[in-house]
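Colleague: I would like a close look at one part of this model, taken slowly and with its surroundings. Please start from a single strand and work outwards from there.

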Amino acid sequence: MEKTLGIAVIGMGQRGMNCHARNFVEYGAGRVNMVGVCDSNPDNLAEARRRYPDARASADYREAIDQPEVDVAVVASPNFLHAEQATFALDRGKHTFCEKPLATTFPGCRSILDAARRSGKVLEVGFVMRYAALFAKLKELIAAGEIGEPLLFDWRVHYRGGLHYFRTWHRLKRYSGGLNVEKACHDYDVLNWCFGQLPKRVVMWSGLNKFLPEKARGRECAACPDPCEDYLLIARTVWTRNTPDGLADDGTASSHCFYSSTKDVGDHYVGLMEYESGLRGTVQLCFYPSSPYGRQFQFIGSRGEILGNAHDRIIELHRRAKGSRPVKFDLSAESQGKHYGGDQRQVEAFLRAVQENRESLATGLDGLRSVAVGLAMEKSIEEDRPVRLDEIMNPS
Ligand SMILES: NC(=O)c1ccc[n+]([C@@H]2O[C@H](COP(=O)([O-])OP(=O)(O)OC[C@H]3O[C@@H](n4cnc5c(N)ncnc54)[C@H](O)[C@@H]3O)[C@@H](O)[C@H]2O)c1
């Protein structure tokens, strides 16, 4: 008979409130009780209290986590808080689901991994893409040798929803770690997972060529006399509500203009990756696309090639053999729901792993490795040079 689990959710913003709190209760199918909620923003805490009146509500994460009824802590606060909060949760003996990125620094990741080792509890990182049918198929095809030895790849993240990063805490590296850590950690994790190796060195260029202050029409979208097409694209979303108060150096307003906001992240990124095996690849991140295509990828191997398009949930396999016809995998039926269906599968898999006290599919070590690649990319941009992964993972 499975135990009923008590959970505490730290950070009741977009992800914590609208996804995890709801999903853990729903997908826990009567075996998950919400016993703690925490947010430093009084409005969000009040909303969490209204939705979960039986849970202990606190602005202090320690109070929400450190209750005997809490078995699982879910850390869904801004990235720079993950190291402290997840380390605390594990040290209090709680299984921990930590949102991606695991942390914004390499020592922060190490601190969480050390705490997981000390506690013996399950640590899962929010890599939902591993649980999505499309990326699972990609991994399966590469692992099965369908393209032979991977030789060259191209990976593009064109994220229209990323507009909101330029008004929230994501736009300042000290809170997000930079967009290579915040957003592309998902992508570096999938690449690490598919290839079973980390790049040995990377190089990247980035800049702002759309969200420039001189193109601003005002400072607040809500009061803008002449709303731009970008605001109109996302104006009705709730993204504007949950900006953590007191975080930004300019007193972040919830409808801050993408253009005039203070920011130190780029709106586009172009990078190269090189592996010990000779594999090389290109990555592109763009946060101002007009098309909704999202992620697209191409892998060329010694015996075949894979082309993929996450928007249409399609993967095409071409084998390098005379007369061979392309095989098309349409994964749309298995990709219903948020994050290509990954959200639900991840919560269910994590809860099973907790019940059995074993690791699940997205471990702390996976979290650390993807952050390492993201940090190497950020360092390359900052120092305008190629960066070896060793510089991040084994600094002298
Ligand atoms: N796995 C995914 O695909 C995915 C998707 C979206 C977000 N995320 C991650 O989830 C996390 C939260 O992102 P979000 O979009 O929900 O951001 P958000 O700003 O909407 O929510 C963060 C919440 O944390 C609260 N907060 C700030 N400081 C706090 C503190 N000291 N203690 C407690 N709460 C505090 C804020 O008030 C806010 O309500 C981030 O790490 C993000 O990268 C993951």
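Modeller: In this predicted model, strand S7 is joined by seven bridges to strand S10 (residues 280-286), and the two run parallel. Within that pairing, Leu152 is the residue that stands opposite Arg280 in S10. S7 also pairs with strand S11 (residues 294-301), here in the antiparallel sense and over eight bridges, and in this pairing Trp155 has Phe297 of S11 as its bridge partner.

From the strand we can pass to the loop between S7 (150-158) and helix H7 (173-176), which is where Phe166 is found. Is Phe166 buried or exposed? Phe166 counts as buried because 23 other C-beta atoms lie within 10 Å, where the cut-off for a buried residue is 20 or more. If its neighbours within four places in sequence are left aside, the residues in contact with Phe166 are Arg171, Phe211, Phe258, Ser261 and Lys263. Val25, by contrast, is 141 residues from Phe166 in sequence, and the two C-alpha atoms are 32 Å apart in space.

The wider setting is given by the domain assignment, which divides the protein into domain 1 (5-126 + 341-359) and domain 2 (130-339 + 372-393). Taken over C-alpha atoms, the centres of domain 1 and domain 2 are separated by 25 Å, and the contact between them draws 20 residues from domain 1 and 28 residues from domain 2. On the side of domain 1 that touches domain 2, helix H1 (14-27) and helix H11 (342-356) each supply at least two residues, and H11 gives the most, with six residues. By class, that side of domain 1 is made up of six nonpolar, eleven polar and three charged residues.

One further element deserves a careful look, namely helix H5 (residues 106-119), whose 14 residues reach 20 Å from the first C-alpha to the last, close to the 20 Å expected at 1.5 Å a residue. The buried residues of H5 are Gly108, Cys109, Ser111, Ile112, Leu113, Ala115 and Ala116, and what covers them includes helix H4 (82-91), strand S5 (95-98), strand S6 (123-125) and helix H12 (364-383). After H5 comes Gly120, which has a positive phi, near 70°.

Technical notes. Residues are numbered from 1 along each chain as its sequence is written. This is a predicted model: local features need pLDDT of at least 70, side-chain atom pairs count only at pLDDT 80 or more; totals for chains, interfaces and linings use all residues. Domain bounds come from an automatic or database domain assignment. Two residues are in contact if their C-beta atoms, placed from the backbone, lie within 7 Å. Helices (H or I, at least four residues) and strands (E, at least two) are DSSP runs, numbered from the N terminus. Ala, Val, Leu, Ile, Met, Phe, Trp, Tyr, Cys and Pro count as nonpolar, Asp, Glu, Lys and Arg as charged, and the others, Gly among them, as polar. The expected span of a helix is 1.5 Å times one less than its number of residues. A residue is buried if 20 or more other C-beta atoms lie within 10 Å of its own, exposed if 12 or fewer, and partly exposed in between; C-beta atoms are placed from the backbone. Two strands pair if DSSP finds at least two bridges between them.
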